[in-house]
Structure formats: C-alpha cells, structure tokens
Amino acid sequence: MAAITMKNIVKQYGDGFPAVNDVSLDVRDGEFMILVGPSGCGKSTLLRMIVGLEDITSGEMRIGEKVVNTVAPRRRNLSMVFQNYALYPHLTVYENIAFPLRLAKRSDEEVRRRVTETAKLLELTEHLERKPANLSGGQRQRVAMGRAIVRQADAFLFDEPLSNLDAKLRGQMRTEISRLQRRLGVTTVYVTHDQTEAMTLGDRVAVLRKGILQQVGSPRELYEQPVNLFVAGFIGSPSMNFLPASVDGTFLETPIGRFDLRDERKASAVGDRDVVLVGVRPEDFEDASLVSEDKRAAGALVRVHVDVTEWLGNEQYAYVPYEAPRELADQLRELSRELDSDQMRTQAVVSLDASSLITAGDEAELWINTSRLHIFDPATGENLT
Ligand code: ATP
C-alpha cells in the first residue's frame with residue numbers, strides 16, 4: 001500500500017485552458033478518495049496521470065516516496081478498473097482474474113490460491129468456468145474488480161466503474177465496493193460524476209471544476225461547509241436552493257419572501273453587500289404548521305405559492321416557482337447550466353415531512369431554519385458563512 005501525493009499537477013492538451021490546472025492533493029495510505037465533478041472537469045485525466053496513461057505537463061506525482069512522473073505504467077504497481085470492464089471475452093472468469101498473475105509469471109499453485117481466494121471474496125466461485133458473455137452486468141463488474149485486486153497492488157484506481165449498470169445494481173455494487181475497500185484497506189482513488197456515489201463511498205471527496213480543485217473534505221464537511229456556490233450546488237440531492245436576496249439591515253428580500261436573518265454571525269457574513277445569494281437546503285424548510293412555537297421564533301417564516309408536490313412515502317417535495325431578478329439572471333443561468341439543474345433560477349425545492357398536508361396549488365407558510373442557511377457572494381461565489 002502507498003500514499004499518492006500530487007503537487008501542482010498540470011495537464012495541458014492544446015492551447016485552451018488546462019484540463020488539469022495546478023492540482024495538489026494527498027491521498028493517504030489506505031484512504032478511499034473520490035474525484036468528482038461534471039463532465040470535462042478533468043477527473044479522468046488526473047486519474048490517468050496517476051496510472052501513467054497520460055503524461056504530466058508539469059508538477060510532481062509521487063506514489064509512496066517515489067516520484068513516478070516518468071515511470072512506465074506497468075512499473076507503478078497500481079490496479080485500475082475501467083468503466084467498460086475490459087474483460088477478455090474468450091477467457092473464462094478464472095482466467096480473466098488470473099490474467100495479471102500469469103503476466104507476472106506466478107506459479108500455477110499461487111495463481112490457483114489467489115484466484116480462489118479472490119473469487120470467494122467477490123462471490124464468484126460458482127461462475128469461475130463461465131465466459132463473460134454469460135454473466136450479468138454486476139457479475140462482470142465483480143470479475144473486473146477481481147482482476148484488479150488479485151495481485152497485491154499499492155493502490156486501486158476506479159474510473160466510473162458503475163456507470164454501465166442500472167440504478168438498483170449500482171446501489172448494490174456501491175456497498176460491495178465500500179465493503180471490499182474497507183476489508184482490504186488499500187489506497188483507492190475512484191472517479192465519478194455522480195454525487196451520490198461520491199458521498200456514500202469515500203473517506204474524503206475532491207471536487208473538481210474546469211480542471212481546478214475546489215474543495216477536499218469528508219462528505220459531511222462538503223455538505224455542511226461547502227466553500228463556494230459550485231460545491232454547494234453539486235453536493236446534495238435535490239440541490240441546495242440559491243435565492244437571490246437584496247439586503248436591508250438584517251432583513252433579506254428574496255423572491256419567496258422577506259425574512260430576518262436573526263443569526264448575528266450570518267448577518268455579519270453579509271457585510272456591506274447590497275445583494276447576496278442565500279443557500280437553503282431543501283430539508284432546511286419545514287411546513288410551518290408542524291413547527292412548535294419556540295422553533296418558529298428561532299427561524300424565519302415565509303408565505304409561498306406551491307405549484308407542484310411529489311409524495312415519496314417517507315418525505316415529499318414541494319416546488320415553489322419564482323423569478324430571479326434580472327441583475328442576477330445571467331449568473332444563475334450559467335450556474336444552472338454547469339450544475340445541470342434548472343432549479344437555481346426558476347424554483348425552490350422544499351423537502352417536507354410525509355405528514356405535511358401542503359398540496360399543489362396551496363398558499364403555504366414555510367419555516368426556514370436560518371441557523372443552517374449559507375450566504376454566498378454573488379460575484380465570486382465564495383461562501384461567506
Ligand atoms: P468525463 O466524465 O466526461 O470523462 P472528465 O471530468 O473525466 O469528463 P476529462 O476526460 O479528464 O474530464 O477531460 C478534461 C478536459 O480535457 C476536457 O475538456 C476534454 O475535452 C479534454 N481532453 C481529454 N482528453 C483529451 C485529449 N486526449 N486530447 C485533447 N483534449 C482532451
């Protein structure tokens with residue numbers, strides 16, 4: 001096992017902005033690190049530079065103590081699992097898993113022992129004589145993982161390994177990968193564009209945008225203290241609501257209502273700005289009629305028009321349409337496009353308790369937990385709270 005240390009890593013393909021731009025990131029020995037971000041943010045390029053499939057334009061890449069910038073991929077002792085599994089169709093499951101050991105000219109006895117152990121770990125024992133064509137998607141994925149873990153690599157690298165599976169299987173494989181990684185304790189870097197995978201799998205998550213590292217932290221840190229609008233909007237589902245607000249003393253005038261910030265720390269975060277973006281997670285709203293008197297007084301109340309509701313059994317979503325003020329419309333449009341969500345500029349999403357009786361078409365009173373809201377600078381996107 002080994003730590004992976006990246007220092008000021010740059011990848012420049014052509015004349016445009018760098019695909020990876022000055023990324024410094026330490027993956028600790030035994031850690032499960034997720035690289036996440038929207039399509040084109042540079043996460044696969046970064047992974048490919050770790051493995052050695054892509055040259056590094058500048059910066060330093062270390063595996064353990066050793067600088068590997070110019071070390072050939074097969075000498076880095078890393079195992080990679082690709083999106084498309086890359087199994088050999090003419091070989092049995094046994095031989096697919098055995099492949100790296102055969103390549104390393106291990107004895108038949110060692111191959112048998114290791115393949116048997118690996119197959120047992122991945123519950124593939126019954127399928128060892130089958131060919132990949134006769135396996136389900138999930139089984140194929142397990143064979144690909146088997147091939148990666150059968151030899152004692154210093155680290156595992158995964159490039160969107162679950163993206164070809166259906167949603168149910170993806171959920172199942174997620175827990176399998178998590179369990180396996182914890183059991184083996186091997187340093188792992190895992191690339192995904194899926195924030196749910198990022199939040200559930202990793203010890204820590206590195207969020208990339210346009211080649212630039214935005215924030216590294218535990219899933220909880222990213223969720224509770226996102227450094228900017230981008231991370232705040234990317235992490236969490238449904239996404240955080242960003243409400244444009246004009247500032248009037250400690251009051252904020254938003255498209256869904258005017259309310260008092262109350263919290264002094266939040267008020268001081270606003271500083272002398274005239275306009276801010278207020279970030280409210282869907283679950284930080286509640287149906288005001290279900291909130292106790294004490295709690296009502298500790299937060300803010302707004303009266304809104306709900307135009308659609310979705311009942312999910314254990315909770316429900318209410319949608320509150322609004323129009324963003326013209327001066328912030330362009331910026332919110334840009335953010336919506338990047339985050340692939342229209343929610344940032346046209347509606348607020350509210351998560352309500354399943355017992356709430358608010359229905360589509362209602363004028364409803366909502367309570368906002370102001371102690372949990374975030375204040376963003378609309379010009380820089382920085383989280384001021
Ligand atoms: P995706 O999830 O879509 O694979 P990604 O976040 O993994 O995206 P990369 O594949 O690392 O992103 O690509 C980052 C940027 O570098 C993109 O703008 C991409 O077009 C560019 N890029 C990637 N590979 C090459 C290449 N071989 N030549 C030129 N440009 C490339």
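This report describes the ligand shell, the two domains and one helix of the structure above.

The model is predicted, and local features need pLDDT of at least 70, side-chain atom pairs count only at pLDDT 80 or more, while totals for chains, interfaces and linings use all residues. Residues are numbered from 1 along each chain as its sequence is written.

The residues around the ligand, taken as those whose C-beta atom, placed from the backbone, lies within 6 Å of it, are Y13, A19, G37, S39, G40, C41, G42, K43, S44, T45 and H193.

An automatic or database domain assignment divides the protein chain into domain 1 (4-230) and domain 2 (235-376), and their C-alpha centres lie 37 Å apart. Where the domains are in contact (C-beta atoms, placed from the backbone, within 7 Å), domain 1 gives 8 residues and domain 2 gives 9 residues.

The table sorts two groups of residues by class, where Ala, Val, Leu, Ile, Met, Phe, Trp, Tyr, Cys and Pro count as nonpolar, Asp, Glu, Lys and Arg as charged, and the others, Gly among them, as polar.

| Group | Nonpolar | Polar | Charged |
|---|---|---|---|
| Shell around the ligand | 3 residues | 7 residues | 1 residue |
| Side of domain 1 that touches domain 2 | 6 residues | 2 residues | no residues |

Helices are DSSP runs (H or I, at least four residues), numbered from the N terminus. In α3, the residues V111, R114, V115, T118 and A119 are buried, that is, 20 or more other C-beta atoms, placed from the backbone, lie within 10 Å of their own, whereas 12 or fewer would make a residue exposed. Seen down the axis of α3, the buried residues fall within an arc of 130° (of the directions from the helix axis to the C-beta atoms), so they line one face of the helix. The face turned away from this buried side carries the exposed residues E109 and K120.

Technical notes: Contact = placed C-beta atoms within 7 Å. Helix = DSSP H or I, 4+ residues; strand = E, 2+ residues; numbered from the N terminus.
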